[in-house]
Amino acid sequence: MVNVPLQERQYTQSFTSMSYQKNLNIGLFGYGVVGSAVFEVLTHTPSLNASVTKICIKNPDKQRNIDAGYFTTDKWELLDNEAINVVVEMTDDASAAIEIVRESLRRGKAVITANKKMVAENLAELVELQQKHGTPLLYESACCASIPVIRNLEEYYDNDLLHGVEGIINGSTNYILTKIFDDKISYTNALAQAQQLGFAESDPSLDVEGHDALNKLCLLLAHAYGIVAHPSELLCHGIHRLNTIDSEVAKAQGAQIKLVARALKQEDGKIAAFVLPQFVKPPHLLHTVRNEYNGVVLTSALADEQFFYGKGAGGFPTASAILADLSALRYDYRYEYKKLLLQSPSELCEDVKLRVYVSFQDWQMLPVDAFVEIHEFYSGKAIHYRKGIVSLKKLFKSDWWKQPGVSLILQEDGIAKQEKTNGALKEKIGLAAS
Ligand code: HSE
């Protein structure tokens, strides 16, 4: 699983056939796993006519493998430099990043960022800034690293026909769960490996508590359905509360546990969106997604299921999306936010019933009215569990399920109230339902 150095990779320059007008003079913010991979890739892609002018870093004392003259700790050296026409923002600090992005867009510098937290928390403002200053902001690498899911949702899928988006969109948690289930490695060791391999965030609680997947889900919602939701508006739970009995229950039913983000159109046309761990078993496409890979299943009225699959974390997979965004800037590509600005956006829906499994150490941890219906229960010496139906709205307003000693997992057929068929949609557009 160790990243192969670029020099040893089968490397073909894919930009030679296009004729470009602009030189891209890049101001790079951040020189960590992704920033250094971007720098390395750019030195191997002369045909892109893109080169790094200056790199802004936090810690000047760290040993780095390139000429020290590239580096500065003063962001204004990049922002004030009129020759820099593209800012590539690869930091792990959402608050510092939004300042950099605001200032760059205001000064007419195009921005490419992998900072999903910054984009998700400020999307409404970022859309407005792009319109106001006519400067593009691209963030394909911020969601599922190497998988071009944002641009496909933006350009290809009409929201009327898009029935749902569900996916494994965090590489670190998928890596950890794969190691636990397939290789019998402990959670702690698997997390340490994910950190060592450069998959995890600097603060790995963002990965394991589900926040990273939630931030990415906000980006998917904007480009799939034109919904701009702040992460705090959506229900999210990570893998940090999973326990041994949960793994045993999963194995007994031939399933694995995966962290799944989803946005699903309901019967009333509204969108149910949340991130939860889920029991997933074959033939579900997401069951095949292992290690740091991501997978996104799109369901649409006419095409039924389509599956996007690829590496979702790591320096070079992320750099591949950044390169694609740089290349797109050469022909003045920008997100139009068609579903948000040109059509009437969809709305979020809370009125959904979920089939869940909840394990807990102590009866006092479970409110008596937690479940709408109970279908199965088990009571052991150290742990108990219940399976049944809960209300998404009620869950969102409570926090008993977030406490230590409680573990909440969506069942395989997790949405109890969901538009199941595509017949109605086919009828709507004048085709016979098959
Ligand atoms: N920490 C993130 C993940 C990195 O594991 O998916 C890529 O966004």
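**Aromatic pairs, salt bridges and cores in a predicted model**

Y31, F39, Y70 and F71 come together as one aromatic cluster. The structure described here is a predicted model, and a good place to begin is with the rings of this cluster. Across the model, the count of aromatic pairs comes to 14. In one of them, the ring centres of Y31 and F39 are 6.1 Å apart and the planes meet at 75 degrees; since an angle over 60 degrees counts as edge-to-face, the pair falls in that class. Both partners are shielded from solvent: Y31 is buried at 12% relative accessibility, and F39 is buried at 8%. A contrasting geometry is found for Y378 and Y385, whose rings are stacked, with 5.2 Å from centre to centre and 25 degrees between the planes. Here Y385 is buried, with a relative accessible area of 12%, whereas Y378 is partly exposed at 36%.

Rings also take part in contacts with charged groups. F71, a member of the cluster with Y31, F39 and Y70, has the charged end of R64 over its ring, 5.3 Å from the centre. In a further case, R151 lies over the face of Y333, and the distance to the ring centre is 5.0 Å.

Confidence should be kept in view when reading these details. The average pLDDT of the protein is 91, and 91% of the residues score at least 70. Residues 1-20 are an exception, with pLDDT below 50; this stretch nevertheless has 38 contacts in the model beyond near neighbours in sequence. Over residues 418-434 the pLDDT likewise stays under 50, and the model has 27 contacts for them beyond four places in sequence.

Turning to charge pairing, side chains of opposite charge can pair when their charged atoms come close. The model has 23 salt bridges by the rule applied. One of them joins D212 to K116, with the closest N and O atoms 3.1 Å apart. This bridge links distant parts of the chain, as D212 belongs to helix α10 (residues 211-225) and K116 to helix α4 (residues 116-121), 96 residues apart. Which side of the 20% limit do these two charged residues fall on, buried or exposed? D212 is buried, at 3% relative accessibility, and K116 is buried as well, at 13%.

Helix α4 also holds a local bridge: K117 and E121 both lie in this helix, 4 residues apart, or about one turn. Their closest N and O atoms are 3.0 Å apart. K117 is partly exposed, with 29% relative accessible area, and E121 is partly exposed with 32%. A bridge between D182 and R290 has its closest N and O atoms 2.5 Å apart. D182 sits in helix α7 (residues 171-182) and R290 in the loop between β10 (271-280) and β11 (293-300), so this pair ties together parts 108 residues apart in sequence. D182 is partly exposed at 29%, as is R290 at 37%. Shared partners, finally, join the salt bridges of D80, E103, R106 and R107 into one network.

For the interior, it helps to recall that nonpolar side chains tend to be buried together in soluble globular proteins. The largest nonpolar core has 101 residues, among which Y139 and L326 touch the most other members. Helix α10 supplies the largest share of this core, with 10 residues. Leaving aside residues up to four places away in sequence, L326 touches L24, I26, L42, L48, V86, V88 and I112. A second core, separate from the largest one, has 23 residues, including F274, V358, F371 and V406.

A few backbone features complete the picture. The peptide bond from P282 to P283 is cis, with omega near 5 degrees, and P283 is found in the loop between β10 and β11. The loop between α12 (315-330) and α13 (338-342) contains D332, a non-glycine residue with a positive phi, near 60 degrees. Y337 is placed in the loop between α12 and α13 too, and its phi is also positive, near 50 degrees. Their surroundings can be set side by side: D332 is partly exposed, with a relative accessible area of 48%, while Y337 is buried at 3%.

Note on methods: Residues are numbered from 1 along each chain as its sequence is written. This is a predicted model: local features need pLDDT of at least 70, side-chain atom pairs count only at pLDDT 80 or more; totals for chains, interfaces and linings use all residues. Side-chain values use heavy atoms; hydrogens and water are left out. pLDDT is the predictor's confidence in each residue, from 0 to 100. Contact means heavy atoms within 4.5 Å. Rings of Phe, Tyr and Trp (its six-membered ring) pair if their centres lie within 6.5 Å; planes under 30 degrees apart count as stacked, over 60 as edge-to-face and the rest as tilted. Buried means under 20% relative accessible area, exposed over 50%, partly exposed in between (1.4 Å probe, protein chains only). A charge sits over a ring if NZ of Lys or CZ of Arg is within 6 Å of the ring centre and within 35 degrees of the ring normal. A salt bridge is a side-chain nitrogen of Lys or Arg within 4 Å of a carboxyl oxygen of Asp or Glu. Helices (H or I, at least four residues) and strands (E, at least two) are DSSP runs, numbered from the N terminus. A nonpolar core is a set of buried Ala, Val, Leu, Ile, Met, Phe, Trp, Tyr and Cys residues joined through side-chain atoms within 4.5 Å.
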